[in-house]
Structure formats: C-alpha cells, structure tokens
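I opened this entry to keep track of what I looked up, element by element.

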Amino acid sequence: MAATDIARQVGEGCRTVPLAGHVGFDSLPDQLVNKSVSQGFCFNILCVGETGLGKSTLMDTLFNTKFEGEPATHTQPGVQLRSNTYDLQESNVGLKLTIVSTVGFGDQINKEDSYKPIVEFIDAQFEAYLQEELKIRRVLHTYHDSRIHACLYFIAPTGHSLKSLDLVTMKKLDSKVNIIPIIAKSDAISKSELTKFKIKITSELVNNGVQIYQFPTDDESVAEINGTMNAHLPFAVIGSTEELKIGNKMMKARQYPWGTVQVENEAHCDFVKLREMLIRVNMEDLREQTHSRHYELYRRCKLEEMGFKDTDPDSKPFSLQETYEAKRNEFLGELQKKEEEMRQMFVQRVKEKEAELKEAEKELHEKFDRLKKLHQDEKKKLEDKKKSLDDEVNAFKQRKTAAELLQSQGSQAGGSQTLKRDKEKKKPTLHWGTTAPSVCLPWGLATQDVWAPGYHWVKNADPSPGLACWGYLFLIPEPEKRKTFPTGLVQQQENM
C-alpha cells in the first residue's frame, strides 16, 4: 500500500472524542505568539510610482520615523529598484522592514518596458525562496524572507483617468503581489474632483481586469471594517513629517497659504485608513496572501516547467520520487540524444574542415608553383639582360682603350708639330723671291717698330706671285733696293 493512500485513510478515519479534564494544549496560541515575538517579524513593501509623488515622505509618515535615503532625480536612463532594510522596535515586538522603491519609473520617453525591472525583481525574490526550500538542509526559520508582501501603487492626482503606464504595470503585477492603489498628494485636487477620480480609477481597473488586493472579510472580527475600507479604495493620502501646532496639539500637517491640511484628519485625507488597513489590521494577511497565493502560483509554474506534476494522465497522484526518476530518465535520454547529435555534428564539421583545408592546401601549392615558375622566368630574363649589359660594357671598355691609345699617339705627334710651329712662329722667316729676299712676320708682330728704309709692308690679303704665306705681313724691299738686304732688320726680327 502506498504511503499516500495510508495518509488519506488516516485523514478520513479521524474521529472527535471528548476530554475528561484539562490537558493544556489550549496554550498553543500563547506559545505561538511568544515564539513569534521572540523571532520577530518581517514585512516588505514595494513603492511603485513616478518620481516626485512623495513615496519616501509617505513611508516616513507611515512608520513615524525618518528613513535615510538619497532623493531621486529625473535623469535616470532606466528603471532601477532601490532596496533598504531597517530594524524597527515597538514595545517588545521587533519588525525587520524592507522598503523597495522604483527609481526613474515613468521618466523615460519610451515607457513600454518600464514594468519589466519590477517584475524581474519580484520573481527573483520568489526564486531565492524556492531555492532555499529545495535545499537538502533548509534554514527557513532564520532565512530572511525578501518576498514583497504589499505593493503601494502611487497614482498621480491628475483628476482625469489612469495613465496607460499605470494600467499596464498593475496588470503585469496583480498576479505576483498584493496591489494597494493610492492617490498621492491628494490635496492637489478638490473634494468633488477626488470623488469622481476614485470612481473613474475603480471603473478602469475593473474594465481592464486588474486584480487589486481586497481586505479579507472572512474573519468576523475584521469583516465589517475591511468591508467598509474596500469601498474607499483607492486611498487618497497626504504625507508630511512636519509637525504644526493646531489648537493645543502638535500634529503632522502641511501648511499652505490658503490653510492647513492635517495628515491624520480623516476629513482631509485617507492616511489613517491606509495605516489602519496596511499595518494595524491586515499586515499578517498580506504576508499570508503572499505565501499562499502569489508564491504558490510561482512555485507551481516553476515546478511544472521542471516536469513535476501532482497526478498522472489517469488522475492518480504522483510521488516526488517517481516524478524525479521519470524526469531524470527523460533528462538522461535527452542528454544522450543531444550528445549523439553533437558528436555527429562534430564529425561532420571536422570532415568539412578537412575538405576546406585540403582545398586550401591545393590552392597554395598551385599558387606556389605559379610563383616559382614566374620567379624562374624573371631570373632568366635578368640573367640574359645582365649578360647583354656585360658584353656592352666590355665592348665599351675596348673602344675606350683604343680611343685613349689613339689620342695619346695623336697628342704626342701633335705636340711635336705644335712645338715646331711655335718655334717657327717666333723666328722670322726669310723668304727669297725671284728677285729679292723678304721678311715674313705674323700680323701681331707687324708694328711700325719693325721697318727699314727702302722697304714697305705688304698684307697677305692678295698675295703676289712668289708669296705663299697667308695671314702674314711681308716686308719687301723697294724696287731700287732689292739687291741689297738689310742685315740689321733680320737681327731685329730675331730678337723679337
């Protein structure tokens, strides 16, 4: 017989029997209270809303303290979630409070994905708790539960209707967290406008299928007050940490030129209603709803994704061991199948790569052969050209040597002739004609210093018969003195 069947039979066979006297287990509630007080409580609030709607101020007002935090700006590139945890103590009850605020929400031009960081944050807290539950050694009694218990959604006091961003975000969050819509800075609109605005918001939420948190009415002790407060949703609140003296009391209020708005005056705003419902009456129910509804939904979806089921196709219950074994075998089969596919794919890729490498190697060899042949042709051409140039250089050297030899011989012969001519030029030549001698001088030496009585100079421009020298001046005797040649003149020419 299966263990589940035994447990079912035990539950069905339960009988009620009377007690003969006092036993003492009626003190269990007191024991539970004492244990809970000693362990302390935790509560996590998520504040969603546009920058500047007073989220931080309202948290300070709700818990009557000043939480440290940096003011947010409108220059954030995207939505970021800032989480801060505080330890609070009231009487003998300790509370570990975590406040998560959305920084930069609604400040971007494209607001289409503004809700995604919020959803991812909530799922991350559920996943962390689930992983802690699935551990072999669990320490849930000391585990800090970071799951969001309440989401205060701040609505801008426009007085018209909800923005598309608000509707989309609340629709994405309603299955993951307890949403309590509130109208922030409600003193910005009049009483009549505020009433119409509340009705408009409620109508839009219902028409769009947004499920907000409803205060429970199943408990008789709080059914009446919770039923009444459900009709006041969304709450129109005002936050302020400033205290002003009104009458004989110091009260939290906001001072305006036209008057004073008291935060804790229910005629001015719904702050007191929000504090009563959120902290003093329904805090434990919010914690329970988070665990039993939202977390269980996430856990069930996650386990179903992992392959775990409660019943088989025949509606018979599955044990965890059977489910685990079935899932393990399925996983191993898929793993082997994937390994085989990867092995075949690897072999195929190796073959393709080898073919590519062989083709590349063949192309490289062909290219090498072409380059080698081209290199040999170029080398042969260069060798032929070098041989031709060497032949030309040798022929040129031979011609040069012959020319230098001829030039040397010619210069020697020309030098002797030149010396002879120079000598003959310097010495006057005595020419004897047919009748009388004459003196032949170069033009440069023919001056009036060279003359003799009875002789005259004749230029060789139109030579007479018997005078064969050109370019010279001739000193010829006059006719009457041709027979006698002056020896002094010849001596004078030689000295020249």
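**Strand β5 and the six-stranded sheet**

I started with strand β5, residues 179–183, and found it mostly covered, with five of its five residues buried. I noted that the model is a predicted one. I then checked which way the side chains go. Ile179, Pro181 and Ile183 point one way from β5, Ile180 and Ile182 point the other way, and all are buried. I set this beside the general pattern: in a regular strand the side chains alternate between the two faces of the sheet.

Next I asked which strands β5 pairs with. β4 and β5 run parallel and are joined by five bridges. On the other count, two bridges join β5 to strand β6, residues 235–236, and this pair is also parallel. Ile182 turned up in both lookups: Ile182 is the bridge partner of Phe154, and Ile182 stands opposite Phe235 in β6.

I followed the chain between β4 and β5. Helix α5, residues 164–173, makes a right-handed β-α-β unit with these two strands. I also looked up helix α6, residues 191–207, which lies across β4, β5 and β6 and runs at about 150 degrees to β5.

I wrote down the whole sheet. Six strands form an open sheet in the order β2-β3-β1-β4-β5-β6, with mixed pairing. β2 (80–90) and β6 stand at the edges with a single partner strand each, so one side of each has no neighbour in the sheet. Further along the order, β1 and β3 pair in the parallel sense over seven bridges. Phe43 stands opposite Leu97 in β3.

**Helix α9**

I took helix α9, residues 283–305, next. α9 has 23 residues and reaches 32 Å from its first C-alpha to its last, close to the 33 Å expected at 1.5 Å a residue. I checked for a bend and found one of about 35 degrees at Tyr295.

Which residues of α9 are buried? I listed Met283, Asp285, Leu286, Thr290, His294, Tyr295, Tyr298 and Leu303. Tyr295 is thus both the site of the bend and one of the buried residues. For the pattern along the helix I kept one general point: an α-helix has 3.6 residues a turn, so residues three or four places apart point the same way.

I then asked what the buried residues of α9 pack against. The partners are β1 (41–48), β3 (93–103), α4 (116–133), β4 (150–155) and α8 (271–281). Of these, β1, β3 and β4 belong to the six-stranded sheet. Just after α9, Gly307 takes a positive phi of about 100 degrees.

**The three-stranded sheet and Leu244**

I moved to the other sheet. It is open, has three strands in the order β7-β8-β9, and its pairing is antiparallel. The edge strands are β7 (243–246) and β9 (259–262), each pairing on one side only. Neighbouring strands here are turned by 65 degrees against each other on average, direction ignored. Strand β8, residues 249–256, is joined to β9 by four bridges. Arg254 has Val261 in β9 as its bridge partner.

I picked Leu244, in strand β7, for a closer look. Is Leu244 buried or partly exposed? Its relative accessible area is 21%, so Leu244 counts as partly exposed, given that buried means under 20%. Not counting residues up to four places away in sequence, Leu244 touches Lys249, Met250, Met251, Ala253, Arg254, Gln255 and Thr260. Leu244 and Thr260 are 16 residues apart in sequence and 9.1 Å apart in space, C-alpha to C-alpha.

**Backbone exceptions**

I finished with the backbone. Most residues other than glycine have a negative phi, and most peptide bonds are trans. Ser91 has a positive phi of about 55 degrees although it is not a glycine. Ser91 lies in the loop between β2 and β3 and, at 71% relative accessibility, counts as exposed. Lys185 also has a positive phi, near 50 degrees. Lys185 sits in the loop between β5 and α6 and counts as partly exposed at 41% relative accessibility.

The peptide bond from Leu233 to Pro234 is cis, with omega near -5 degrees. Pro234 is in the loop between α7 (220–230) and β6.

**Chain totals**

I closed with the totals. The chain has eleven helices and 13 strands. Of its 496 residues, 30% count as buried. Among contacts between residues at least 6 apart in sequence, 64% join residues at least 24 apart.

Key. Residues are numbered from 1 along each chain as its sequence is written. This is a predicted model: local features need pLDDT of at least 70, side-chain atom pairs count only at pLDDT 80 or more; totals for chains, interfaces and linings use all residues. Side-chain values use heavy atoms; hydrogens and water are left out. The expected span of a helix is 1.5 Å times one less than its number of residues. The bend at a residue is the angle between axes fitted to the seven residues ending there and the seven starting there. Buried means under 20% relative accessible area, exposed over 50%, partly exposed in between (1.4 Å probe, protein chains only). Contact means heavy atoms within 4.5 Å. Two strands pair if DSSP finds at least two bridges between them. A crossover is right-handed if, with the strands pointing away from the viewer, the path from the first strand over the helix to the second runs clockwise. Axes are lines fitted to C-alpha atoms, for helices over the stretch in contact, and angles run from 0 to 180 degrees between N-to-C directions.
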